[in-house]
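The exercises below ask you to read a structure step by step, and each is followed by a worked solution. Please look over the sequence and the coordinates before you begin.

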Amino acid sequence: MDLGYVSIQLFNGLVNGAFYALLSLGLAIIFGVLRVVNFAHGAVYMLGAFAAYLLLQQFDIGFWPALVLAPIGVALLGVVVERLLLRRLYGLDPLYNFLLTFGLALFLQDAMRLRFGIQGQPYPTPDELSASVSLGPVSYPVYRLFVIAFSLLICVATWYLIERTRLGMVVRAATERAELTRALGIDVDRWVTAVFAIGIGLAALAGVLAAPMRNVAPLMGSELIILTFAVVVIGGLGSIVGAVTAGFLIGVLASLGAVFNPAFENVIVFALMAVVLLVRPAGLFSSREAA
Amino acid sequence: MTRRDIALLVVGIGIALVLPRVLYSALALRIVLWALFAVSVDLLLGYGGMLSFGHAAFWGAGGYAAALLAKAYQLPFPLAALGGIAVAMALAAPIGYLAIRRRGIYFAMVTLAFAQMLFYVVNELRDLTGGENGVQGVPKILPGISLGRTSDFYYAALPLVLIGFFVAYRIVHSPFGHVLVSIRDNEARAQALGYPTQRYKLIAFVLSGGIAGLAGSLFAIGNSFASLELLHWTTSGSAVLMTVLGGMGTLWGGGVGAAIVLLLEDSLSSVTEAPGIVTGAILIAIVLGFRRGLAPALHTAAVLAWARLRAMRAAREA
């Protein structure tokens, strides 16, 4: 077996894992406070990429400012959606919000398709990161290494925010005992919206990171979201560490599996899900069934 | 069967018989087959409380199997459809076995994921399935009868579709169906009463997969074509949309939903290439405003009209 190819696949797996991790992390924290599985998460990822693309086309704003501005813009849109739509369904069966966000995903995808066509738009790699670096026997694009490192950084920062800060404490309290937290004089609804915005922002950020690597296209998130669901079933939505670990793990395993048969890289993700369902149905990292 | 059921049955068969006369027959065929597909989803969702977001797997597996059988062996279409049902049920057994290990929203994600897995696999097995080109030139065969026109095939396939509806109706109104409803409402209680709930859920899943397989088989043969579109996750989503739109837990709601969505898409297809804007918006509106779907509203309207009629007749006689 060609060692160079294997090591390239290892890094490709980490890159895929970085996207799975950012997306499933956003799904997990939204699920944590709202009990909503956001079907539109793939569409949000697509909107993030388009936001970066439009910032460049319309206002000549480059990659680095877009990395901050696009997620904030998309997150604000998310806040409006949460306030206007999702909020009406809290307390009902979570399936209703799943259906609602599915409708939203269809709507957003086709609206963008109508405006920009099905074809992908290219987005340039930032100059600072456009080189390749040699890693032992092979050379590898710097930008992809940056994606791995940056998403790891964001995942750790989010973990710190939720697990180690006062804001996180409020959010965790509101997740477990919303009534009691309210009784202590904390405005739970405001924090719920804030956490939703963070989850949406993470998906949009993943979209901006994807823009220079993958074409910016209306359907770019439509298959990724289903792969992310498989990751979420494997890792469980109950923990941040679980979501991130499962994301990277599955990205790497699928890419290494693709060394043997490149056609079945995505199939491996679902096969892993089947194995986990057989062996540990509640998910690898969850301590309790959170159905 | 109550009198109401018989009345509904007569109305339903009447509509099915005149449909190709009112609409063009290809659209009529689409409507009855998608209605059967939606009914298979409703069987699980409305009666078992299981939201399958992966029913395209069984619709598509049935479609591909029937298309390949009909093409390779020049089989009459009812036999090819039987093969499609068998393949769909054989696939539903392992998928169902794994999926029922999770509940609620996870169940939806697991079924969605396995259907997508099948999509990738079928796409890769190009030698058998034709990959992106699909299976083309599928013959419509019924010994002694020419099925050249779509309306011929419609009437030839209609008995099979009605059998599919009848099977769903029988399942729901059998002791098995009642246990299924009790599992939906309170699984722990059903378990405590001694019912092997997992086995019931699995059987329901496989039966539902078989019905979806029948609908998909006829759909592929009717179109002379099986394509990856059959297996796409938006296909699963459309079936769920129709069920929810019509009203889950009613069976016939799926038919109402299928008719509305397909008529709408048909009239919109000349206006826009992006029907998702409309269907997505409908789904959002339904979930926010009419969670029980349109079927209960139609039912209430019918009951009110009937009461009004009787009051008028009573007034005239008095």
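**Exercise 1.** Compare the span of α1(A) with the span expected at 1.5 Å a residue, and decide how far the rest of the structure encloses α1(A).

*Solution.* Helices here are DSSP runs of H or I with at least four residues, strands are runs of E with at least two, and both are numbered from the N terminus. The helix α1(A) has 32 residues, and from its first C-alpha to its last it reaches 45 Å, close to the expected 46 Å; the expectation is 1.5 Å times one less than the number of residues in the helix. For enclosure, a residue is called buried if 20 or more other C-beta atoms lie within 10 Å of its own, exposed if 12 or fewer do, and partly exposed in between, with C-beta atoms placed from the backbone. Because 23 of the 32 residues of α1(A) are buried, the helix is largely enclosed by the rest of the structure. Just after α1(A), A:Arg35 takes a positive phi of about 60°.

Two conventions apply throughout: residues are numbered from 1 along each chain as its sequence is written, while chains are lettered from A and ligands numbered from 1 in the order in which they are written. The model is predicted, so that local features need pLDDT of at least 70 and side-chain atom pairs count only at pLDDT 80 or more, whereas totals for chains, interfaces and linings use all residues.

**Exercise 2.** Describe the surroundings of A:Gly4, a residue of helix α1 (residues 3–34) of chain A.

*Solution.* Start with the neighbour count: A:Gly4 has 13 other C-beta atoms within 10 Å and is therefore partly exposed. Next come the contacts, where two residues are in contact if their C-beta atoms, placed from the backbone, lie within 7 Å. Leaving aside neighbours within four places in sequence, A:Gly4 is in contact with A:Pro137 and A:Val138.

**Exercise 3.** Determine where the buried residues of α6(A) fall around the axis of the helix, and what they pack against.

*Solution.* The buried residues of helix α6 (residues 166–176) of chain A are A:Val171, A:Ala174 and A:Thr175. Seen down the axis of α6(A), these buried residues fall within an arc of 105°, so they line one face of the helix; the arc is that of the directions from the helix axis to the C-beta atoms. As background, an α-helix has 3.6 residues a turn, so residues three or four places apart point the same way. The face of α6(A) turned away from the buried side carries the exposed residues A:Arg166, A:Met169 and A:Glu176. On the buried side, the partners are α1, α5 (142–164), α7 (178–183) and α8 (188–210) of chain A.

**Exercise 4.** Establish the setting of A:Asp60 and of B:Ser224, each of which has a positive phi without being a glycine.

*Solution.* Most residues other than glycine have a negative phi. A:Asp60, with phi near 60°, is found in the loop between α2 (41–59) and α3 (63–84) of chain A, and with 7 other C-beta atoms within 10 Å it is exposed. B:Ser224, with phi of about 60°, is found in the loop between α10 (197–223) and β2 (225–226) of chain B, and its 16 C-beta neighbours inside 10 Å make it partly exposed.

**Exercise 5.** Work out which elements of chain A supply the side that touches chain B, and which classes of residue are found there.

*Solution.* The contact takes 35 residues from chain A and 33 residues from chain B. On the side of chain A, α4 (94–116), α9 (224–235) and α11 (265–279) each supply at least two residues, and α4(A) gives the most, with 16 residues. By class, this side has 29 nonpolar, three polar and three charged residues, where Ala, Val, Leu, Ile, Met, Phe, Trp, Tyr, Cys and Pro count as nonpolar, Asp, Glu, Lys and Arg as charged, and the others, Gly among them, as polar. A:Ala230 is in contact with A:Val269, A:Phe270, A:Met273 and B:Ala113, leaving aside neighbours within four places in sequence.
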